[in-house]
Amino acid sequence: MRRSKAFKEAVGQTLAELARRGVTIAPATVEDTIEQKIRMVASHLGIQERSAWRYFDAGRLAEGLAQSAQDFEASSTEGDVGQAPMPPLDNPELALILGSFPDNLASTGGDLYATVLNACVNAWMAGHLHGEDGCSGCDGRRSTSGHDWDARMKALLQMQPDVLKWLDREQWTAALQRNGYGVTRR
């Protein structure tokens with residue numbers, strides 16, 4: 001589906017409509033949403049995906065995406081939900097995670113996917129979401145049991161992340177390339 005002319009035009013039209021509304025959403029997110037919507041329409045109507053394109057409206061999709069982004073921002077009790085505060089630069093866990101990145105990249109033979117995944121897992125294990133890292137950026141914003149885990153998970157689920165997709169190396173690499181990034185070894 002993603003290689004079809006209709007899909008590429010739909011992405012371009014939707015991004016243009018979003019830009020007209022002053023909303024910035026990553027192209028990969030727009031692509032995922034369009035693919036999901038076309039498949040849903042085809043399944044619901046019992047038609048082939050290529051026939052579902054006649055029901056696609058870039059303006060309506062852009063309006064829905066813009067409204068979702070606005071609703072998400074408005075529903076947040078904290079202005080920076082989803083944005084972890086930067087721990088102090090002398091934080092030993094941060095130093096360990098950042099410092100191991102180049103070494104891990106070399107030890108994996110330049111495998112950026114494995115290296116980034118390793119850094120993400122180590123950051124997760126550092127316990128920031130639970131408030132166990134003593135981050136000064138969270139002082140006064142965390143309960144005795146850490147951050148409000150339920151609120152954080154609800155916020156993340158509203159974004160509808162496809163976790164398994166991002167654990168697939170080919171999907172991750174394709175997403176990097178779609179966003180204009182490439183990895184070359186020197």
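In this predicted model, Asp-57 sits in the loop that links H3 to H4. With a relative accessibility of 36%, Asp-57 falls in the partly exposed class, because that class covers the values between 20% and 50%. Asp-57 also has a partner from much earlier in the chain: 44 residues separate Asp-57 from Gln-13 in sequence, while their C-alpha atoms are 9.1 Å apart.

A comparable pairing turns up just after this loop, at Gly-59. This glycine belongs to helix H4, which spans residues 58–75. Gly-59 counts as buried, since its relative accessibility is 17% and the buried class takes in values under 20%. The C-alpha atoms of Gly-59 and Leu-15 are separated by 9.6 Å in space, against 44 residues along the sequence. Both Gln-13 and Leu-15 have numbers that fall inside helix H1, which runs over residues 5–20.

Helix H1 is thus a good place to turn to next. The axes of H1 and H2 approach to within 10 Å, and they cross at roughly 120 degrees. An angle of that size makes H1 oblique to H2, because it lies outside the 65 to 115 degrees taken as roughly perpendicular and is not over 145 degrees, where roughly antiparallel begins. As for its hand, the crossing of H1 and H2 is right-handed.

Helix H1 also holds a salt bridge of its own. The side chains of Arg-20 and Glu-17 come together with an N to O distance of 2.9 Å. Both residues are part of H1 and stand three residues apart, about one turn of the helix. The two ends of this bridge belong to separate accessibility classes: Arg-20 is exposed, at 61% relative accessible area, whereas Glu-17 is partly exposed, at 21%.

Salt bridges are found elsewhere too, and a search of the whole structure gives nine of them. Arg-2 takes part in two that reach helix H2. With Glu-31, Arg-2 forms a salt bridge in which the closest N and O atoms are 3.2 Å apart. Arg-2 lies in the segment before H1 and Glu-31 in helix H2, so this pair ties together parts of the chain that are 29 residues apart in sequence. The side chain of Arg-2 also meets that of Asp-32 in a salt bridge, at 2.5 Å from N to O. Here, too, the segment before H1 is tied to helix H2, because Asp-32 lies in that helix, and the parts joined are 30 residues apart in sequence.

The three residues of these two bridges can also be viewed by their accessibility. Arg-2 is partly exposed, with a relative accessible area of 22%. Glu-31 is buried, at 11%, while Asp-32 is partly exposed, at 24%. Beyond the individual pairs, salt bridges with shared partners link Arg-2, Glu-31, Asp-32, Glu-35, Arg-39 and Glu-49 into one network.

The surface also carries a nonpolar patch. Leu-45, Ile-47 and Tyr-55 make up this patch, which has an area of about 270 Å². Of these residues, Ile-47 is placed in the loop between helix H2 (27–45) and helix H3 (49–52). Ile-47 counts as partly exposed, given its relative accessibility of 30%.

Further along the chain, Ser-100 offers another pairing across the sequence. Helix H5, made of residues 92–107, contains Ser-100. Ser-100 is partly exposed, as its relative accessible area is 25%. Ser-100 and Asn-118 are 18 residues apart in sequence, and the distance between their C-alpha atoms is 9.4 Å.

Finally, the chain as a whole can be described. It contains nine helices and zero strands, and its pattern along the sequence reads α-α-α-α-α-α-α-α-α. The chain has 186 residues, of which 24% count as buried; Gly-59 and Glu-31 are among the buried residues.

Terms used:
Residues numbered from 1 in each chain as written. Predicted model: local features only at pLDDT ≥ 70, side-chain atom pairs only at ≥ 80, totals over all residues. Heavy atoms only, no water. Patch = residues over 30% accessible without salt bridge, like charges linked within 9 Å, V, L, I, M, F, W, Y side chains within 5 Å. Areas by Shrake-Rupley, 256 points an atom, 1.4 Å probe, with all protein chains shown as cover. Salt bridge = Lys/Arg side-chain N within 4 Å of Asp/Glu carboxyl O. Helix = DSSP H or I, 4+ residues; strand = E, 2+ residues; numbered from the N terminus. Buried < 20%, exposed > 50% of the residue type's maximum accessible area, 1.4 Å probe, protein only. Axes fitted to C-alpha atoms, helices over the stretch in contact; angles between N-to-C directions. Parallel < 35°, antiparallel > 145°, perpendicular 65-115°, else oblique. Left-handed = near helix turned anticlockwise from the far one by under 90°.
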